[in-house]
Amino acid sequence: MAMHLFSPDNNPGSSFMNLLSAVGVQTPAPQSRIDVPHATTCVALRYVDGVLMAGDRRATAGSLIGHRGMEKVVQADTFSGVAIAGAAGPAMEMIRLFQLQLEHYEKMEGKQLSLEGKANQLSMMVRGNLPAAMQGLAVVPIFGGFDALHETGRLWDYDVTGGRYEEREFVATGSGSLHAGTVVKVGWRTGMTRAAAVSLACRSLWEAADADSATGGPDALRGIYPIVAIITSAGWQSVPDDELASVFQSIANEVQAR
Amino acid sequence: MSMPFYVPPEQQMKDRADFARKGIARGRALVGVQFEQGILLVAENSSSTLRKVSEIYDRIAFAGVGKYNEFDQLRQAGVRAADLTGFQYSRLDVDARSLANQYAQIMGQIFTHDSKPLEVEILVAEIGLTSEDDRLFHILYDGTVMDESNFSVLGGDAEAIIVRMRANFNSGFDLSSALRCAHGALAGSDRQLSASDLEVTTLRRGNGRRCFARVPEVDVQLMLA
């Protein structure tokens with residue numbers, strides 16, 4: 001550990017990323033295309049209390065399953081979360097850096113960034129990953145949170161160049177996003193309750209897992225369920241596994257009865 | 001060309017120390033005191049935006065007295081060093097002892113080499129899993145580190161405040177008794193300090209990952225009543 005005192009003209013300010021480059025910690029992009037494990041499907045939607053984010057647990061390496069228990073939906077800070085699809089290594093690194101960046105800013109400045117500010121910050125990080133994305137290490141996140149200023153849940157999705165798009169209803173990303181997104185699109189209503197939102201998100205991941213080999217379904221055998229989390233005025237809360245187990249059981253019963 | 005006068009090193013150090021001490025004595029004091037669930041940090045500070053006590057890391061807080069711009073620069077350096085270590089190694093590898101040593105190095109270096117010593121005293125407080133593992137590192141303007149226990153007093157009029165703290169400190173304090181003890185010690189017998197004159201923060205066990213919290217003025221008022 002080294003402590004740095006910066007003079008006013010080379011001070012990295014409240015940004016942790018600026019600090020990393022000021023002290024010379026950098027992760028170079030690969031020079032040629034490489035194959036690495038990929039994280040797959042995530043969805044997020046707005047409902048009456050805020051936003052809900054959900055993601056399956058599978059990471060794939062080519063046609064093999066790389067990891068069964070990956071957590072792609074993670075808390076960024078008290079009132080926001082990130083869901084990530086794309087190259088697993090850079091994605092996890094980006095999440096870690098993003099979480100730290102938000103906390104670092106809060107400690108340096110004595111107050112949190114606005115939700116919009118957090119969304120912009122993530123946009124810059126995705127943009128910074130572009131050289132790696134060109135070599136097959138694309139990372140495409142969804143950012144969601146509760147905006148205390150406007151007292152509502154808000155959602156953003158991104159493209160690989162850091163393009164940032166605020167969504168009014170829902171968004172899906174990753175290999176199963178076509179199927180998951182369609183399910184949410186058909187089922188989404190204004191002012192959904194928590195139960196309806198959880199059920200719709202689970203249903204969308206079920207259908208994505210059913211049609212996309214890279215998306216993992218609920219794994220009752222190992223007790224691995226998708227991560228589903230809600231962000232409301234009370235902050236981030238993950239939906240417990242036993243609740244998810246019963247939601248998926250009712251989906252399975254319904255499918256069986258067709 | 002005029003030759004500079006020879007000043008013996010003893011005199012040089014003494015002049016610098018006197019200069020730093022005078023600057024620090026002009027500022028208001030600050031008390032860090034252990035209570036059952038952690039460490040309470042109370043500063044006499046009428047501003048509610050320019051802070052003397054802040055969060056450094058999950059279980060570590062920083063407090064400074066003296067010149068604001070100087071201790072705030074040290075605070076920022078501490079947050080940066082802690083976050084860098086946590087990022088490069090793990091959150092468990094960030095500890096107050098290491099931070100205190102680095103502060104001591106920097107402050108000692110500035111004291112002997114720069115044209116002017118820092119006019120600050122700082123406290124690096126860390127809570128452990130039990131109160132035996134709580135740490136209070138008090139660092140002086142010249143880089144002297146003191147590993148204190150039970151309580152720590154920084155800033156102007158520290159000697160008198162220490163005497164009052166020693167008379168009233170009790171190792172089984174709950175939060176409000178610790179606050180009353182610190183408040184009484186800071187105020188003394190001839191001054192009145194209201195809740196709005198104090199900046200009150202805690203590092204508290206069982207407060208989740210980030211143990212640092214500011215105590216709102218209304219709660220301070222209730223506890224002092």
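Visitor: Which residue does B:Gly32 stand opposite in strand 8 of chain B?
Guide: In this predicted model, B:Gly32 stands opposite B:Ser152, which lies in strand 8 of chain B. The two strands involved, strand 1 (residues 30–35) and strand 8 of chain B, pair in the antiparallel sense over 4 bridges.

Visitor: What packs on the sheet there, touching strand 1 and strand 8 of chain B?
Guide: That is helix 4 of chain B, residues 158–168, and its direction makes about 160° with that of strand 8 of chain B.

Visitor: And what is the strand order in that open sheet of chain B, the one with strands 8 and 1?
Guide: The order is 8-1-2-9-10, with 5 strands in antiparallel pairing. Strand 8 (151–154) and strand 10 (212–214) of chain B stand at the edges with a single partner strand each, so one side of each is left without a neighbour in the sheet. On average, neighbouring strands of this sheet are turned by 15° against each other, direction ignored.

Visitor: What about the open sheet with the order 3-4-5-6-7 in chain B: which strands are its edges?
Guide: In that antiparallel sheet of 5 strands, the edge strands are strand 3 (53–57) and strand 7 (145–148) of chain B, each pairing on one side only. Its neighbouring strands are turned by 25° against each other on average, again with direction ignored.

Visitor: How many bridges join strand 4 and strand 5 of chain B?
Guide: Strand 4 (residues 60–66) and strand 5 (residues 120–126) of chain B pair over 7 bridges in the antiparallel sense, and within this part of chain B, B:Ile60 stands opposite B:Glu126 of strand 5.

Visitor: Which strands does helix 2 of chain B lie across?
Guide: Helix 2 of chain B (residues 68–88) lies across strand 3, strand 4 and strand 5, running at about 20° to strand 3 of chain B. Helix 3 of chain B (residues 96–113) also packs on the sheet, where it touches strands 3, 4, 5, 6 and 7, and its direction makes about 0° with that of strand 6 (135–139) of chain B.

Visitor: Switching topic, how much area do chain A and chain B bury between them?
Guide: They bury about 2300 Å², with 61% of it on carbon and sulfur atoms, and 23 residues of chain A are in contact with 29 residues of chain B.

Visitor: How many salt bridges cross that interface?
Guide: The rule finds 4 salt bridges across the interface of chain A and chain B; one of them joins A:Glu103 and B:Arg91, whose closest N and O atoms are 3.1 Å apart.

Visitor: Which elements of chain A give two or more residues to the side touching chain B?
Guide: Those are helix 1 (16–22) and helix 2 (88–109) of chain A, and helix 2 of chain A gives the largest share, 9 residues.

Definitions and conventions: Residues are numbered from 1 along each chain as its sequence is written. Chains are lettered from A and ligands numbered from 1 in the order in which they are written. This is a predicted model: local features need pLDDT of at least 70, side-chain atom pairs count only at pLDDT 80 or more; totals for chains, interfaces and linings use all residues. Side-chain values use heavy atoms; hydrogens and water are left out. Contact means heavy atoms within 4.5 Å. Buried area is the accessible area (1.4 Å probe) that two parts lose on being put together, summed over both. A salt bridge is a side-chain nitrogen of Lys or Arg within 4 Å of a carboxyl oxygen of Asp or Glu. Two strands pair if DSSP finds at least two bridges between them. Axes are lines fitted to C-alpha atoms, for helices over the stretch in contact, and angles run from 0 to 180 degrees between N-to-C directions.
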